[in-house]
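Biologist: I've got a model open and would like to talk it through with you. Can you walk me around it?

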Number of protein chains: 2
Amino acid sequence: MSENKVVRIRARNMADDALFEFLHMEIVAHMYKEQVTREDIDKERVTCVSTLELMGFRVGQGLIERFTKDCPTFKDDLDVMKFLCKDFWSMIFKKQIDNLRTNHQGTYVLQDNKFALLTQFSSGKQYLEEAPKYLAFSCGLIRGALSNLGLESVVTAEVSLMPSCKFQVVIQKL
Amino acid sequence: MSENKVVRIRARNMADDALFEFLHMEIVAHMYKEQVTREDIDKERVTCVSTLELMGFRVGQGLIERFTKDCPTFKDDLDVMKFLCKDFWSMIFKKQIDNLRTNHQGTYVLQDNKFALLTQFSSGKQYLEEAPKYLAFSCGLIRGALSNLGLESVVTAEVSLMPSCKFQVVIQKL
């Protein structure tokens with residue numbers, strides 16, 4: 001095994017630490033905030049999807065901060081997206097995004113043919129309607145990472161056949 | 001780097017996958033269950049600590065199932081506790097329990113001098129009252145792991161100086 005590979009494995013371990021710690025912090029923060037706002041629950045009507053998305057957003061922000069500490073700056077948006085598809089995705093989900101497409105006008109489609117958080121479901125169309133719950137957090141991860149790299153975006157996800165999944169990222173021009 | 005170490009690092013990576021996936025499943029399940037039971041919230045009055053503990057319990061059950069798949073059986077309770085302190089703890093928190101004590105009557109005290117989920121707080125006594133929230137999940141992890149290994153237990157945690165932490169495990173005789 002090359003020294004390079006060992007270094008990469010070590011980096012991955014550090015990333016895993018971070019992931020678990022941030023995630024844990026978020027769950028706790030959520031649970032306790034919830035207790036406070038229970039009284040005005042009808043007023044706010046926060047949906048589960050947006051709460052999960054926001055958890056992902058904050059975890060994504062935290063992770064990207066650690067991951068890019070020693071990184072050179074990126075030369076353009078596409079460069080950032082490539083980093084996300086290769087390094088960021090590998091560190092979190094242990095595989096790269098399989099396909100990245102763009103219209104060169106700020107819209108990117110990231111396809112993962114075997115998305116880690118859908119592999120616990122049986123393949124095919126049987127549990128398709130369950131999928132959105134399990135993608136909200138990851139949409140947030142992408143949006144949070146991009147936000148910390150200076151790109152505001154809208155991220156949505158789509159599944160047509162488990163466990164494959166497409167994330168659409170639309171960069172918001174300021 | 002020895003072949004052994006490489007194998008250990010690989011195993012650790014697999015464990016991290018599992019940890020994140022299970023944790024994520026739990027958050028989602030919790031969020032959606034919550035929506036259903038919001039109406040009878042006053043009837044049930046589930047506290048945050050017990051919800052976090054239950055999340056930990058289920059994650060612990062899932063993880064131990066993967067970790068012990070190829071393991072020999074344990075010869076007694078102490079043997080199980082040693083496995084928990086060394087292998088299980090290392091896989092989750094990247095370090096072993098520093099000290100294990102027992103009265104040989106079913107009570108065990110596990111001391112971690114630098115507990116991963118408390119390291120984000122400044123050391124000392126300043127945030128001591130915040131500690132219990134961040135220990136409930138881990139108490140559940142231990143209880144869940146033990147339960148899947150055939151031992152029912154009561155697990156509590158105590159912090160007197162961050163980031164050090166003691167878990168007390170009392171095995172319930174049937």
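Modeller: Sure. Helices and strands here are DSSP runs, helices of at least four residues and strands of at least two, numbered from the N terminus. Bear in mind that this is a predicted model.

Biologist: Then where does T68(A) lie?
Modeller: Helix α3 of chain A covers 48-67 and α4 covers 77-93. T68(A) falls in the loop between α3 and α4.

Biologist: Is T68(A) buried or exposed?
Modeller: The cut-off for buried is under 20% relative accessible area. T68(A) has 18%, so the residue counts as buried.

Biologist: Which residues is T68(A) in contact with, leaving aside neighbours within four places in sequence?
Modeller: One short link is to a backbone: the T68(A) side chain reaches the oxygen of I64(A) at 2.7 Å. With neighbours within four places set aside, the contacts of T68(A) are F83(A) and L149(A).

Biologist: On to the strands. Which residues make up the covered face of β4 in chain A?
Modeller: β4(A) runs antiparallel to β2(A), with six bridges, and antiparallel to β3(A), again with six bridges. Y108(A) stands opposite V169(A), while A157(A) has F167(A) as its bridge partner. K166(A), Q168(A) and V170(A) form the uncovered face, and the covered one is C165(A), F167(A), V169(A) and I171(A).

Biologist: How many residues sit between β3(A) and β4(A) in their hairpin?
Modeller: β3 covers residues 153-158 of chain A, and β4 covers residues 165-171. Between them, the hairpin has six residues.

Biologist: Now the charges. How far apart in sequence are R143(A) and E53(A)?
Modeller: R143(A) and E53(A) form a salt bridge, with the closest N and O atoms 2.8 Å apart. R143(A) is in helix α5 and E53(A) in helix α3, so the pair links distant parts of the chain. Their separation is 90 residues.

Biologist: Of R143(A) and E53(A), which one counts as buried?
Modeller: Buried requires under 20% relative accessible area. R143(A), at 21%, counts as partly exposed. At 15%, the buried one is E53(A).

Biologist: What is the relative accessible area of D112(B)?
Modeller: D112(B) forms a salt bridge with K95(B), the closest N and O atoms being 2.7 Å apart. D112(B) lies in strand β2 and K95(B) in the loop between α4 and β1, so the pair ties together parts 17 residues apart in sequence. K95(B) is partly exposed at 22%, whereas D112(B) is buried, at 0%.

Technical notes
Residues numbered from 1 in each chain as written. Chains lettered and ligands numbered in written order. Predicted model: local features only at pLDDT ≥ 70, side-chain atom pairs only at ≥ 80, totals over all residues. Heavy atoms only, no water. Buried < 20%, exposed > 50% of the residue type's maximum accessible area, 1.4 Å probe, protein only. Polar contact = N/O pair within 3.5 Å; in protein donor to acceptor, adjacent residues only side chain to side chain. Contact = heavy atoms within 4.5 Å. Pairing = 2+ DSSP bridges. Salt bridge = Lys/Arg side-chain N within 4 Å of Asp/Glu carboxyl O.
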